[in-house]
Amino acid sequence: MPAHEPRPTAHLHIPGTTSHTVAPRGGSDGREGTLRYLKAGGGAPLVLLHTVRTQAEHFRHLIPLISDHYTVYALDLPGMGYSEIVPGASYDEPALRAGVERLLTELDLHDVTLLGESMGAVLALTTAADLPERVRRVVAVNTYDFRGGIARSSLLARAVVGGVLAPGVGPVIAGVEPRPALRRILQGGLGDRSALREEYVDELLRVGARPGYPTVARGVYQALPSLIAARSRYPEVKAPVHLVYGERDWSRPSDRDANKRLLPTAEFTQVPKAGHFIALERPDVPADLLRRTAQA
């Protein structure tokens with residue numbers, strides 16, 4: 001498929017967005033898959049990076065708030081959303097970061113603002129460390145770089161993630177995703193549970209039914225140690241950084257303080273009563289930060 005070719009994808013359409021792809025690079029020996037991204041707006045480039053078990057539509061409330069100020073690129077990370085699933089692919093932090101960097105380099109984006117949530121926040125920071133000549137600023141929302149991760153959300157999340165990671169039965173459990181369980185696990189990342197809309201759950205379940213997706217989901221959960229290890233890259237980031245945390249995020253105060261020490265010049269915002277998925281329940285907060293930055 002040619003790079004950047006628009007195509008229909010998700011059932012959950014975000015007004016003002018178009019869907020595009022980036023083809024694998026020549027010489028990748030089949031290790032790279034086609035990446036899908038959504039594009040909207042006009043202005044300096046803003047790349048949005050989602051988290052575990054989500055996709056570009058995770059930012060469907062944020063994109064309309066900032067598309068008057070930026071050209072928005074919301075990426076489906078490798079193997080996730082509607083990006084291609086490549087058998088045998090890795091989903092550790094370096095492999096996912098390579099997908100982000102491929103978007104920036106293949107589209108030749110410069111003066112980029114990176115906004116990532118959770119796992120996407122870690123990737124935004126490590127991408128900025130790798131590509132300082134392309135990245136202007138980073139907004140890192142609820143970085144997912146601590147032990148336990150989503151398992152801190154609830155007993156159900158702990159049981160499901162533990163089952164997915166278990167030897168032998170893990171692949172089977174990863175392929176079984178009842179709607180009530182997915183809903184409850186995601187609601188565990190929200191201060192306001194009503195922010196999880198049923199049409200978004202529908203979209204995630206459609207993606208989860210793609211052939212090969214359970215292998216992707218298991219691979220991503222297995223990669224959590226690589227996200228923790230990626231914290232060692234944070235001091236390399238030259239671009240200005242804004243750390244955003246929900247007051248009720250899964251991270252502990254000690255986790256947040258540790259990142260403040262690694263990024264001593266970073267700005268810091270804590271969102272009262274918000275949980276892990278700020279893009280779902282408080283998109284106005286990152287939108288305000290991004291609009292102020294665009295006007296600076």
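Reader: What relative accessible area does arginine 25 have?
Author: Happy to start there, with the reminder that this is a predicted model. Buried residues lie under 20% and exposed ones over 50%, so arginine 25 counts as partly exposed. Its relative accessible area is 35%.

Reader: Which residue forms a salt bridge with arginine 25?
Author: The closest N and O atoms of the pair are 2.3 Å apart. The partner is buried, because its relative accessible area of 17% is under the 20% cut-off. That partner of arginine 25 is glutamate 32.

Reader: Which residue forms a salt bridge with arginine 36?
Author: Arginine 36 has 0% relative accessibility and counts as buried. In its salt bridge, the closest N and O atoms are 2.6 Å apart. The residue on the other side of that bridge is glutamate 57.

Reader: How many residues apart in sequence are the parts that arginine 36 and glutamate 57 tie together?
Author: Glutamate 57 is buried too, with a relative accessible area of 1%. Arginine 36 belongs to strand E2 (residues 35-41), whereas glutamate 57 sits in the loop between strand E3 (44-49) and helix H1 (63-66). The pair therefore ties together parts whose separation in sequence, in residues, is 21.

Reader: Which helices hold the salt-bridged residues glutamate 198 and arginine 183?
Author: The two side chains meet in a salt bridge at 3.1 Å, N to O. Both are partly exposed: glutamate 198 has 33% relative accessibility, and arginine 183 has 22%. The parts they tie together are 15 residues apart in sequence, because glutamate 198 lies in helix H7 and arginine 183 in helix H6.

Reader: Which residues do salt bridges with shared partners join into one network?
Author: A search of the whole structure finds 18 salt bridges. Those that share partners link up into one network. Its members are Glu93, Arg97, Asp130, Arg233 and Glu236.

Reader: Is glutamine 187 buried or exposed?
Author: Glutamine 187 is in helix H6, and beyond its neighbours within four places in sequence it is in contact with Arg193 and Leu196. Its relative accessible area is 15%, which is under the 20% cut-off, so glutamine 187 is buried.

Reader: How wide an arc do the buried residues Asp255, Arg256, Ala258 and Asn259 of helix H10 cover, and which strands do they pack against?
Author: Asp255, Arg256, Ala258 and Asn259 are buried in H10 (residues 253-262). They cover an arc of only 160° around the axis, which puts them on the same side of H10. On the other side, Pro253 and Arg261 are exposed. The buried residues of H10 pack against strands E7 (241-246) and E8 (267-271).

Reader: Which helix contributes the largest share of the largest nonpolar core?
Author: That core has 68 residues, and those with the most contacts inside it are Val47, Leu103, Leu104 and Met119. Eight residues, the largest share of this core, come from helix H3.

Reader: Which residues does methionine 119 touch?
Author: Met119 is among the residues with the most contacts inside the largest nonpolar core. Residues up to four places away in sequence are not counted here. With those left out, methionine 119 touches His50, Thr51, Val52, Leu77, Met80, Leu96, Tyr144, Val220 and Leu227.

Reader: How many residues does the other core have?
Author: This core lies apart from the largest one. Among its members are Phe59, Tyr70, Val141 and Ala287. Its number of residues is 25.

Reader: How many of the residues of strand E4 are buried?
Author: Tyr70, Val72 and Ala74 point one way from E4, while Thr71, Tyr73 and Leu75 point the other way, and all are buried. Strand E4 (residues 70-75) is therefore largely enclosed by the rest of the structure. The count of buried residues is six of the six.

Reader: Which residue in E4 is the bridge partner of valine 47?
Author: E2 and E4 pair in the antiparallel sense over five bridges, with tyrosine 37 opposite leucine 75 of E4. E3 and E4 run parallel and are joined by six bridges. Within E4, the bridge partner of valine 47 is tyrosine 73.

Reader: Over which residues does pLDDT stay under 50?
Author: The chain averages a pLDDT of 90, and 92% of the residues score at least 70. Where pLDDT is low, the predicted coordinates should not be read in detail. The stretch under 50, for which the model has 23 contacts beyond four places in sequence, is residues 1-8.

Note on methods. Residues numbered from 1 in each chain as written. Predicted model: local features only at pLDDT ≥ 70, side-chain atom pairs only at ≥ 80, totals over all residues. Heavy atoms only, no water. Salt bridge = Lys/Arg side-chain N within 4 Å of Asp/Glu carboxyl O. Buried < 20%, exposed > 50% of the residue type's maximum accessible area, 1.4 Å probe, protein only. Helix = DSSP H or I, 4+ residues; strand = E, 2+ residues; numbered from the N terminus. Arc of directions from axis to C-beta. Contact = heavy atoms within 4.5 Å. Core = buried A, V, L, I, M, F, W, Y, C linked by side-chain atoms within 4.5 Å. pLDDT = per-residue confidence, 0-100. Pairing = 2+ DSSP bridges.
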